[in-house]
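Me: I would like to learn how to read a ligand site in a model. Please take the features in turn.

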Amino acid sequence: MSSRRFFAPCVAPETVLRGDEFSHARTVLRLREGDEIVLFDGTGREYDAIVRSVGKTELVCGVVGERVADKECRVPVRLLVGALKGDKTELVVQKATELGAASVGVFSSRYCSAYMNENKLQRLEKVAREAARQCLRASVPAVEYYPDLAAALASCAEYDNKLFACEFAQRSDADLHALRSSCALVVGSEGGFAPEEFEAAKAAGFAGISLGKRILRAETAAIAFLAVTLFSLGELE
Ligand code: SAM
């Protein structure tokens, strides 16, 4: 049934699917009247529905049941990553959604050479929706863009544990084994961080984290750091 899940931001007793969701239903799954589907609204609720009609541009379904999905992490973990080249940011958003990140921030920083625009941000939001559908999440992590590191760091003010993976950190200033509450994780882009950026993060309350002796590619660091954190919190058991 996982492929018969559809994102619908405003679910009503009679809900209409259009655009990509409609194309997936009609062209890929070839759904017909009477088929059972599941809608999710991105806020954590999901709905059983029956296809009422499939037209040329829209599918109409009737909602017959509703529940709160149980796939979310108990402890929120937010991931911030420097904008990456090519489709690497998409990869990070996809894997972060699957692993259970509460939200994802993408930022520009001194040595960041990738750029973001509205189209790219919308593409990342779509990647998050599709990953949520595939992994059975009913919540879709928000994806936000910050034009500089200071704004990205400020967006983590509410998090209990602020952790900054830095390739030149000599040691970790926080114990990842001892995490018990909300975490904000920061990982740099391919170009890494400037020493002044590391100092600014520490001044903003972030603990420097070493991910070991080897320098990881940015996307590897982001996914590994998130996975290790969620494991430590007991969210991957
Ligand atoms: N350009 C940098 C260099 O030559 O040293 C490497 C940057 S690395 C590819 C991208 C990001 O991954 C870093 O900014 C950091 O956040 C994270 N990272 C990679 N390896 C790490 C490590 N061993 N410890 C902590 N963070 C690491």
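Reply: Start with polar contacts between ligand and protein. This is a predicted model. In it, a nitrogen atom of the ligand lies 3.4 Å from a polar backbone atom of Gly-191. The protein covers 83% of the 580 Å² of accessible area that the ligand has on its own.

Me: How far is a nitrogen atom of the ligand from a polar backbone atom of Gly-212?

Reply: That distance is 3.0 Å. A side chain takes part as well: an N or O atom of Glu-167 is 2.7 Å from an oxygen atom of the ligand.

Me: How many residues surround the ligand, and which are the closest?

Reply: The shell is read as a list of residues around the ligand. Here 20 residues surround the ligand, and the closest are Ala-165, Glu-167, Leu-211, Arg-214 and Leu-216. By class, the shell holds 10 nonpolar, six polar and four charged residues.

Me: Where does the ligand sit?

Reply: For this, the ligand is compared with the pockets of the protein. The ligand occupies the largest pocket, whose volume is about 350 Å³. This pocket is lined by 22 residues, and Cys-166, Glu-167, Ile-215, Leu-216 and Ala-221 are the closest to its centre. The lining divides into 11 nonpolar, six polar and five charged residues.

Me: How many disulfides does a search of the whole structure find?

Reply: The test is on distances between cysteine sulfur atoms, with a cut-off of 2.5 Å. The search finds zero disulfides.

Me: Why is there no bond from Cys-73 to Cys-135?

Reply: The sulfur of Cys-73 has its closest cysteine sulfur in Cys-135, but the distance is 9.9 Å, so the two are too far apart for a bond. For Cys-112, the closest cysteine sulfur is in Cys-166, 15 Å away, which is also too far for a bond.

Note on methods. Residues are numbered from 1 along each chain as its sequence is written. This is a predicted model: local features need pLDDT of at least 70, side-chain atom pairs count only at pLDDT 80 or more; totals for chains, interfaces and linings use all residues. Side-chain values use heavy atoms; hydrogens and water are left out. A residue is near a molecule or strand if one of its heavy atoms lies within 4 Å of it. A polar contact is a pair of N or O atoms within 3.5 Å; within protein, one must be able to donate a hydrogen and the other to accept it, and residues adjacent in sequence count only if both atoms are side-chain atoms. Accessible areas come from the Shrake-Rupley method with a 1.4 Å probe; for residues, only the protein chains shown count as cover. On a 1 Å grid over the protein atoms alone, a cavity is a set of points where a 1.4 Å probe fits but cannot get out, and a pocket is an open set with protein on both sides within 12 Å along at least five of seven lines; lining residues have an atom within 4 Å of a point. A molecule sits in a cavity or pocket if more than half of its atoms lie within 2 Å of its grid points. Ala, Val, Leu, Ile, Met, Phe, Trp, Tyr, Cys and Pro count as nonpolar, Asp, Glu, Lys and Arg as charged, and the others, Gly among them, as polar. Grid points are joined across faces, edges and corners, and a volume is the space filled by probe spheres set on the points.
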